Amino acid sequence: MALAVAASERVRGTTSPNPPVGCVILDADGVLVGEGATRPPGGAHAEVVALAQAGERARGGTAFVTLEPCAHHGRTPPCTRALLDAGVARVVHAVADPNPKAAGGADVLRAAGVRVESGLLAEDVERGPLRAWLHYARTGRPHVTWKYAASFDGRVAAADGTSRWISSEESRAEVHDFRTKVDAIMVGTGTVRADDPRLTARGPRRGPDVVRQPLRVVVGTGDLPPGARVLDDEAETLHLRTRDADVVLGALAARGVVDVLLEGGPTLAGAFAGARRIDRVLAYLAPKFLGAGPPALGDAGVSTVTGAVALVVEQVSMCGLDVRISAVPAR
């Protein structure tokens, strides 16, 4: 299953609105004979890719899949049918499919005599490559990760407005890699005016041979400056003239956007935090003090300590000289 999770991670960012699923096939003797991951929309699902590699050696074997095999006919035939035709005797999946249109695969397989088990490495999958898609399937909203880099005292820029570079080179490289795995990068109009960002993903592309830049999303009622780099033709840009988080997410969901990286600035992050529409926080804290300058988060509608947006820390680690913190809203 760990190999299936790794295969899933390699294609994250290339499959939306479909889930980035990974699959590994063992033959009847427990030998690895097939491995695959979901292709871009319209292409084969992970099980089909892995079964094609395994061929006849899949008969009597075991399939390890990060998501319950689908039982419906969408752009492609159901994966349950492919597994049954291949003669697989056992299927182990990490997470049940929350999509009512595709769910029920486990029952179909059991009814046909296949041994089905679930829950193996479920937490790794839930927090890993399927995090955003599972949120999207359960809520109908894109998953929003707010990423920010700040000094230890929470400043994203100095008093004179300069912000390059607060975080380390390693942190910046990691963020660019993260960008290659999301569907959209979002900032406010103020960030475009202040920093003139390009909002593109740079660095090695992992997964299928598909070069794809995330959708660039600018939120705010003001006009964008003529000649802004976010308006170049390197990637598509969507300007949403609103400050309402739900309106923004509704517009993105209508375009099949599953995974959003919110990069700034403080005003937009505050609006999403106030609307309780931040699903994960990824903070890079640089070991330095600035003492003045804009804070990472603007007004989130919190006036008392008891009204604070409570978080649960998932992980604390180092990235170069910076402290990386991953946290999710407390339930």
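**Figure 1. A look into the largest pocket, which holds about 1,200 Å³ of space.** This is a predicted model, so keep that in mind for every view here. How many residues line the largest pocket? There are 45, and those nearest its centre are Ser163, Thr191, Asp195, Glu263 and Gly264. Several elements give two or more residues each to this lining: strand 6 (143-151), helix 7 (169-179), strand 7 (184-188), helix 8 (189-195), strand 10 (259-264) and helix 10 (266-274). Helix 8 provides the largest share, with 6 residues. Sort the lining by class and you get 19 nonpolar, 15 polar and 11 charged residues.

**Figure 2. The open sheet of 8 strands, with mixed pairing.** Go across the sheet and the strand order reads 9-8-7-10-6-11-13-12. Strand 9 (237-240) and strand 12 (311-319) are the edges, each pairing on one side only. On average, neighbouring strands here are turned by 20° against each other, ignoring direction. Zoom in on strand 7 and strand 10: they run parallel and are joined by 4 bridges. What is the bridge partner of Met186 in strand 10? It's Leu262.

**Figure 3. Helix 6 and helix 7 against their strands.** Helix 6 (residues 131-139) lies across strand 6, strand 10, strand 11 (280-286), strand 12 and strand 13 (322-329). The angle between helix 6 and strand 6 is about 135°. Helix 7 packs on the sheet too, touching strand 6, strand 7, strand 10, strand 11, strand 12 and strand 13. Compare directions and helix 7 makes about 160° with strand 11.

**Figure 4. The open sheet of 5 strands, also with mixed pairing.** Here the order is 2-1-3-4-5. Which strands sit at the edges? They are strand 2 (32-37) and strand 5 (115-118), and each pairs on one side only. The average turn between neighbouring strands in this sheet is 15°, direction ignored. Strand 1 (residues 22-26) and strand 3 (residues 62-67) run antiparallel, with 4 bridges joining them. One pairing to look for is Cys23 with its bridge partner Val65 in strand 3. Helix 2 (residues 46-54) lies across strand 1, strand 2 and strand 3, at about 150° to strand 2.

**Figure 5. The largest cavity, with about 80 Å³ of space.** Rolling a probe the size of a water molecule over the atoms shows where empty space is left. The structure holds 1 cavity of 30 Å³ or more. Of the 13 residues lining the largest cavity, Arg12, Gly13, Ser16, Pro20 and Asp259 are the closest to its centre. The lining has 5 nonpolar, 4 polar and 4 charged residues.

**Figure 6. Two spots in the backbone, at Pro17 and Leu121.** Most residues other than glycine have a negative phi, and most peptide bonds are trans. Now find Ser16 and Pro17: a cis peptide bond joins them, with omega at about 5°. Pro17 belongs to the loop between helix 1 (2-10) and strand 1. Leu121 isn't a glycine, yet its phi is positive, near 55°. Look for Leu121 in the loop between strand 5 and helix 5 (122-127).

**Figure 7. Zooming back out to the protein chain, with its 10 helices and 13 strands.** The C-alpha trace spans about 65 × 35 × 35 Å along its principal axes. Why does a radius of gyration of 22 Å agree with a compact globule? Because a compact globule of 331 residues would have a value near 20 Å.

Terms used
Residues are numbered from 1 along each chain as its sequence is written. This is a predicted model: local features need pLDDT of at least 70, side-chain atom pairs count only at pLDDT 80 or more; totals for chains, interfaces and linings use all residues. Side-chain values use heavy atoms; hydrogens and water are left out. On a 1 Å grid over the protein atoms alone, a cavity is a set of points where a 1.4 Å probe fits but cannot get out, and a pocket is an open set with protein on both sides within 12 Å along at least five of seven lines; lining residues have an atom within 4 Å of a point. Grid points are joined across faces, edges and corners, and a volume is the space filled by probe spheres set on the points. Ala, Val, Leu, Ile, Met, Phe, Trp, Tyr, Cys and Pro count as nonpolar, Asp, Glu, Lys and Arg as charged, and the others, Gly among them, as polar. Two strands pair if DSSP finds at least two bridges between them. Axes are lines fitted to C-alpha atoms, for helices over the stretch in contact, and angles run from 0 to 180 degrees between N-to-C directions. Contact means heavy atoms within 4.5 Å. The radius of gyration is taken over C-alpha atoms; the globule rule is 2.2 Å times the number of residues to the power 0.38.
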